[in-house]
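User: I am new to this structure and would like a close look at a single part of it, the sheet. Could you walk me through how it is built and what surrounds it?

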Amino acid sequence: MEKDSTPPHVLIFPLPLQGPVNSMFKLAELLCLAGIHVTFLVTDHIHSRLLRYSDIHSRFNRYPGFRLETISDGLPEDHPRGDKFMELFDSLRMNTKPLFKQLLTSGSLVSDDLPPMSCIIADGIMGFTCDVANEVGIPIIYVRTISACCLWVFFCLPNMIESGEIPFTGEDDLDTPIKSVPGTESFLRRRDLPSFCRSGDLSHPNIQLYKSESEENPRAYGLILNTFEDLEGPILAQMRTFCPNIYTIGPLHTLIKTKLAGELTSSKTSSNSLWEEDRSCITWLDSQSPKSVIYVSFGSLALMTRDQLMEFWHGLVNSKCKFLWVIRPDSVAGNNEIPAEVAEGTKERGYIVGWAPQEEVLAHPSVGGFLTHSGWNSTLESVIEGVPMICWPYFMDQQVNSRFVGEVWKLGLDMKDTCDRVIVEKMVKDLMVERKDEFIKSAEHMAMLGKKSLSEGGSSYCHLNRLIEDIKLM
Ligand code: UDX
């Protein structure tokens with residue numbers, strides 16, 4: 001039988017938050033490079049921010065098969081979305097779902113240049129996309145943009161509920177071991193579970209959401225994960241008992257750089273940022289000694305109180321290490337101003353920006369450590385550059401990731417549940433001075449394994465090829 005030579009057409013629909021949008025754009029570019037037509041669907045809100053701050057349009061101009069489409073998330077423009085995730089989520093289910101179906105059935109996504117949709121790739125936390133895909137008869141592959149280790153914990157929520165291990169409260173003994181997440185019995189504690197498990201309430205919306213949406217994941221044709229086998233192999237083996245068809249194609253941001261090698265002049269691929277990047281920090285880093293700077297950033301959603309900000313600042317200054325600190329304009333609860341003493345007192349040994357070109361920062365030779373909230377993108381970006389971490393997880397998956405960083409992968413220190421200035425100072429000194437060699441050695445080893453997975457014949461390289469072939473057969 002003659003093979004159909006029309007390239008396939010894939011619709012990619014990320015969860016409308018910075019982290020997922022970031023990694024899904026990278027997946028889109030990888031598919032475009034393989035000659036696949038891609039329609040990338042973002043909410044109007046994300047689209048307007050991309051127009052303001054990113055170079056997406058010029059970046060994707062080179063791919064004739066790429067189109068950006070928009071859809072409403074049903075919320076007013078001034079809604080704080082990421083900060084009120086459950087409201088965003090409910091609105092997506094309620095308002096975006098029917099619009100999504102309408103978009104797929106209206107014929108507007110098909111033209112003389114664009115063949116019918118062969119496959120949908122959507123964030124697996126948006127289970128409504130699978131309902132719609134089934135209704136309109138298009139195969140769907142899920143992407144989860146979190147770690148396999150956290151997703152595995154989500155998969156095991158029913159076990160933990162059945163065994164009575166959750167819920168508990170912040171007042172309970174948080175060092176109690178957790179026994180009903182297979183493969184993690186020797187190191188997982190209550191405090192390492194997603195923060196919503198501490199609510200003391202089984203009907204907590206997040207417990208219900210992550211339990212039900214994760215239970216649904218095996219409904220899709222396959223599951224794409226932004227991770228690599230050498231990092232999360234044992235957990236992936238557990239997950240494959242539920243979801244046999246897993247494509248591990250991470251770290252995506254480096255895979256795309258590998259594929260584009262030679263076409264780009266810097267370590268930067270593209271900016272998908274939803275904030276304006278302050279590139280002056282790169283000039284500042286250029287004047288620092290190798291591996292002397294600790295980079296501090298808590299991602300796109302985490303908030304801190306003014307007291308916490310001051311604890312971090314005192315800890316950083318007292319450590320006597322150089323630091324580059326991202327303080328997002330909206331990240332200090334109740335007051336957007338950086339206190340004058342912090343701004344003034346930082347000048348001697350630090351630099352503060354509102355948003356940094358993070359991938360470039362982590363790849364910079366002056367950066368020797370990362371004080372992070374353990375968001376999955378940040379973790380992978382650090383892992384692949386061989387930068388050891390101090391983890392101060394804020395919520396959700398970050399509590400799990402930080403335990404794996406500290407206890408399983410030995411890539412740094414887990415500082416969860418405190419940011420007392422004395423502890424910040426001690427951990428920064430440990431990471432950057434006292435135990436520097438030990439952490440750099442294990443971080444560089446994992447970075448080497450990560451890069452190997454992306455090179456020809458490596459696990460992520462092969463999984464991407466398999467994904468492309470599977471899409472072509474759909
Ligand atoms: C949250 C979760 O915690 C994360 O684990 C989940 O996968 C998505 O939602 P977020 O706070 O956005 O994520 O953190 P993270 O996943 O680390 O993503 C942040 C992204 O913003 C990274 O790609 C990082 O490079 C980028 N970033 C961050 C910048 O480009 N500049 C900055 O100054 C800070």
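Analyst: Happy to! A definition will help before we start: two strands pair if DSSP finds at least two bridges between them. Please also keep in mind that this is a predicted model.

With that definition in hand, look at strands E5 and E6. Tyr 142 stands opposite Leu 223 in E6. Strand E5 covers residues 140-144 and strand E6 covers residues 222-225; the two run parallel and are joined by four bridges.

Now step back to the whole sheet. It is open and has seven strands, in the order E3-E2-E1-E4-E5-E6-E7, with parallel pairing. At its edges stand strand E3 (66-71) and strand E7 (246-248); each has a single partner strand, so one side of each is left without a neighbour in the sheet. From one strand to the next, the twist averages 20°.

Two helices that pack on this sheet are worth finding next. Helix H1, residues 18-33, touches strand E1 (9-13), strand E2 (37-43), E3, strand E4 (119-123) and E5. The direction of H1 makes about 165° with that of E2. Helix H2, residues 44-53, touches E2 and E3, and the direction of H2 makes about 105° with that of E2.

Helix H1 is a good guide to the surroundings, too. The protein chain is divided into domain 1 (9-150 + 203-270 + 455-473) and domain 2 (280-434), and their C-alpha centres lie 28 Å apart. The contact between them takes 18 residues from domain 1 and 18 residues from domain 2. On the side of domain 1 that touches domain 2, H1, helix H6 (148-155) and helix H10 (252-259) each supply at least two residues. The largest share of that side, four residues, comes from H1. By class, this side of domain 1 has five nonpolar, twelve polar and one charged residue.

H1 turns up once more around the ligand. There, 25 residues form the surroundings, and the closest are Gly 19, Gly 299, Gln 358, Gly 375 and Ser 378. The elements giving two or more residues to this shell are H1, helix H14 (358-362) and helix H15 (376-384). Nine residues of the shell are nonpolar, 13 are polar and three are charged. And where does the ligand lie relative to the domains? Both domain 1 and domain 2 give residues to the shell, so the ligand lies between them.

To retrace the path, begin at the parallel strands E5 and E6, move to helix H1 packed on the sheet, and finish at the ligand shell, to which H1 gives two or more residues.

Notes:
Residues are numbered from 1 along each chain as its sequence is written. This is a predicted model: local features need pLDDT of at least 70, side-chain atom pairs count only at pLDDT 80 or more; totals for chains, interfaces and linings use all residues. Axes are lines fitted to C-alpha atoms, for helices over the stretch in contact, and angles run from 0 to 180 degrees between N-to-C directions. Two residues are in contact if their C-beta atoms, placed from the backbone, lie within 7 Å. Domain bounds come from an automatic or database domain assignment. Ala, Val, Leu, Ile, Met, Phe, Trp, Tyr, Cys and Pro count as nonpolar, Asp, Glu, Lys and Arg as charged, and the others, Gly among them, as polar. A residue is near a molecule or strand if its C-beta atom, placed from the backbone, lies within 6 Å of it.
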